[in-house]
Amino acid sequence: MFNYLHFTDQFGSYLYDDNFQAFLADRFTDLSSYNILKSDYMRSELLHIDLGFTNDDAVIDEDELIVLEPGRPIFSHMNIYPNPDIQYVLPFEILFTDTRNEVLKKAGEPTQTKHGDSPVLDKPFLIDHYKIGDLVLSIDYDPQDEHINFIQIRDNNIIAHLKL
């Protein structure tokens, strides 16, 4: 069973701290390595989860694509994707089988909704954001049928450029 609280309790942990490394070792057998040049995420294909890190201290030579200073990555957000083999405990008792209308009945009106066409992805998007204490729950829907594509949970105090 996947309980989001087991992960959000770790927000603010530094990636290379011994306690956080033990936390990761207890939960993952297939976690990809952290490589700031490729992504801010470590991925578990088995669990369909991305663990996201904020690393404002890293210094990267963009021309040469080399890390000059590795910084101190802080666990700050996660993306959860549907996996029929996993039972999820998510905020508001949301299920990945819920439509947007069902989520609205469970969670109420979102703090913020973003929808439109993404020039970067060249496709439409629909995302509801809910502020829950220091956390932000973002639900990305398929804009056509309004089923959940994925859910992001982040610490609202760590990721400054996405703060609600």
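Me: Which residue forms a salt bridge with Arg-72 in this predicted model?
Reply: A salt bridge is a side-chain nitrogen of Lys or Arg within 4 Å of a carboxyl oxygen of Asp or Glu. In this pair the closest N and O atoms are 3.9 Å apart. The partner of Arg-72 is Asp-17.

Me: What pLDDT do side-chain atom pairs need?
Reply: Residues are numbered from 1 along each chain as its sequence is written, and side-chain values use heavy atoms, without hydrogens or water. The model is predicted, totals for chains, interfaces and linings use all residues, local features need pLDDT of at least 70, and side-chain atom pairs need pLDDT 80 or more.

Me: How many residues apart are Arg-72 and Asp-17?
Reply: Helices (H or I, at least four residues) and strands (E, at least two) are DSSP runs, numbered from the N terminus. Arg-72 sits in the loop between strand E5 and E6, Asp-17 in the loop between helices H1 and H2. The pair links distant parts of the chain, and the separation is 55 residues.

Me: Is Asp-98 buried or exposed?
Reply: Buried is under 20% relative accessible area, exposed over 50%, partly exposed in between (1.4 Å probe, protein chains only). Its salt-bridge partner Lys-106 is partly exposed at 35%. Asp-98 has 5% relative accessibility, so Asp-98 counts as buried.

Me: Which strands stand at the edges of the sheet?
Reply: Two strands pair if DSSP finds at least two bridges between them. The open sheet has 7 strands, ordered E2-E3-E6-E11-E10-E9-E8, with antiparallel pairing. Each edge strand has a single partner, so one side lacks a neighbour in the sheet; these strands are E2 and E8.
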